[in-house]
Amino acid sequence: MADGFENMVEEALTFFTKLEQNNTKDWFEPHKAHYKDAIAGPASFFADLTAEDLARLTGKAHSPKVFRIYRDVRFSKDKTPLNTHLHVMWSPADKDVLAPSWFWGLSPSYFIVGMGVMGLQADSLTRYRAFVDSWGSGLQEALDGARASVGAELSDWGPEPLKRVPKPYDPEHPQGDLLRRKALAISAPMGEAWRSDGVIKATVANMRGLLPVWEMFDRHL
């Protein structure tokens with residue numbers, strides 16, 4: 001059964017398609033109220049409700065965040081002022097730097113649910129590599145299961161992987177591809193089930209498909 005958030009998705013797809021063609025503050029200002037009422041407001045409610053489902057699914061509290069439409073262009077060559085997507089993140093409430101976060105992304109070119117650990121460096125990167133070295137076969141099995149279950153694939157979010165397996169690990173390590181990464185995220189397409197089942201139900205179904213990967217992180221990372 002639809003839950004009403006399909007209207008938010010439809011409004012967002014239409015709005016961001018137009019914004020891609022008119023990405024200026026002059027265009028956005030007269031459309032700002034519509035964005036807040038039809039997209040940003042419902043997205044905040046959606047994020048709060050899904051956080052409750054995510055807590056039931058994982059047994060742990062997660063804090064929701066709807067990302068701003070305004071881009072930070074200070075260090076970017078691309079100076080277009082606005083994001084042409086709607087992104088939501090649920091982070092663990094315990095603030096563990098390596099605890100995986102969940103993501104939801106919608107744009108005219110993608111609609112996904114994802115999960116992973118991002119921006120690994122220094123001690124967190126060392127910890128991640130030790131995790132892959134010890135538990136990599138189980139992690140790979142979970143990744144393969146998520147691919148079979150909900151069509152999930154490794155994401156290219158985050159820094160570029162290293163060209164070689166880092167020392168002191170064997171260059172022929174069976175999980176060499178995972179060891180070369182400085183972030184590990186997996187995402188699954190939403191498909192069309194949200195139209196009939198509702199956006200929350202379809203989102204949680206994808207989260208459930210990614211759960212074995214989350215459990216590997218939660219238990220062993």
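Q: A nonpolar core is a set of buried Ala, Val, Leu, Ile, Met, Phe, Trp, Tyr and Cys residues joined through side-chain atoms within 4.5 Å. How many residues does the largest nonpolar core have, and which have the most contacts inside it?
A: The model is predicted. Its largest nonpolar core has 62 residues, and those with the most contacts inside it are Trp 90, Trp 104 and Leu 210. Helix H7 (residues 199-220) gives the most to this core, with 11 residues. In soluble globular proteins, nonpolar side chains tend to be buried together.

Q: Which residues are in contact with Leu 210, leaving aside its neighbours within four places in sequence?
A: Contact means heavy atoms within 4.5 Å. By that test, and with those neighbours left aside, Leu 210 is in contact with Trp 102, Val 113, Gly 114, Met 115, Ala 146, Val 150, Ala 152, Ile 186 and Ala 188.

Q: Why is S3 called largely enclosed?
A: A residue is buried when its relative accessible area is under 20%. Seven of the seven residues of S3 are buried, so the strand is largely enclosed by the rest of the structure. Ser 101, Phe 103, Gly 105 and Ser 107 point one way from S3, while Trp 102, Trp 104 and Leu 106 point the other way; all are buried. S4 is mostly covered, with seven of its eight residues buried.

Q: What makes S3 and S4 a pair, and how do they run?
A: Pairing needs at least two bridges between the strands. Seven bridges join S3 to S4, and the two run antiparallel, so they count as a pair. Within this pair, Ser 101 stands opposite Gly 116, and Gly 105 stands opposite Ile 112. S3 and S4 form a hairpin with two residues between them.

Q: How many bridges join S2 to S3, and how many join S4 to strand S6?
A: Five bridges join S2 to S3, and six join S4 to S6 (residues 184-189). Both pairs run antiparallel. Across from S2, the bridge partner of His 87 in S3 is Gly 105, and Leu 86 stands opposite Leu 106. On the S6 side, Gly 116 has Ala 185 as its bridge partner.

Q: Why do S1 and S5 each have one side left without a neighbour in the sheet?
A: The six strands make an open sheet in the order S1-S2-S3-S4-S6-S5, with antiparallel pairing. Strand S1 (62-66) and S5 stand at the edges, each with a single partner strand, so one side of each has no neighbour in the sheet.

Q: What lines the largest pocket?
A: About 240 Å³ of space lies in the largest pocket. Of its 16 lining residues, the closest to its centre are Phe 67, His 87, Val 88, Phe 103 and Trp 157. The elements giving two or more residues to the lining are strand S2 (86-92), strand S3 (101-107) and strand S4 (110-117). The lining divides into 11 nonpolar residues, four polar and one charged.

Q: Why is Glu 172 called buried or exposed?
A: Exposed means over 50% relative accessible area. Glu 172 has 67%, so it is exposed. Its place is in the loop between strand S5 (153-154) and helix H5 (176-179). Glu 172 and Ala 188 are 16 residues apart in sequence and 29 Å apart in space, C-alpha to C-alpha.

Q: Why is Thr 126 counted as buried or exposed?
A: The relative accessibility of Thr 126 is 53%; that is over 50%, so Thr 126 counts as exposed. Thr 126 lies in helix H4 (residues 122-150). The C-alpha atoms of Thr 126 and Lys 182 are separated by 9.9 Å, with the residues 56 apart along the chain.

Q: What is notable in the phi of Ala 122?
A: Ala 122 has a positive phi of about 50° although it is not a glycine. Most residues other than glycine have a negative phi, and most peptide bonds are trans. Ala 122 is found in helix H4, and at 57% relative accessibility it counts as exposed.

Q: What is the form of the peptide bond from Lys 167 to Pro 168?
A: The bond is cis, with omega near 5°. Pro 168 lies in the loop between S5 and H5.

Terms used: Residues are numbered from 1 along each chain as its sequence is written. This is a predicted model: local features need pLDDT of at least 70, side-chain atom pairs count only at pLDDT 80 or more; totals for chains, interfaces and linings use all residues. Side-chain values use heavy atoms; hydrogens and water are left out. On a 1 Å grid over the protein atoms alone, a cavity is a set of points where a 1.4 Å probe fits but cannot get out, and a pocket is an open set with protein on both sides within 12 Å along at least five of seven lines; lining residues have an atom within 4 Å of a point. Grid points are joined across faces, edges and corners, and a volume is the space filled by probe spheres set on the points. Helices (H or I, at least four residues) and strands (E, at least two) are DSSP runs, numbered from the N terminus. Ala, Val, Leu, Ile, Met, Phe, Trp, Tyr, Cys and Pro count as nonpolar, Asp, Glu, Lys and Arg as charged, and the others, Gly among them, as polar. Buried means under 20% relative accessible area, exposed over 50%, partly exposed in between (1.4 Å probe, protein chains only).
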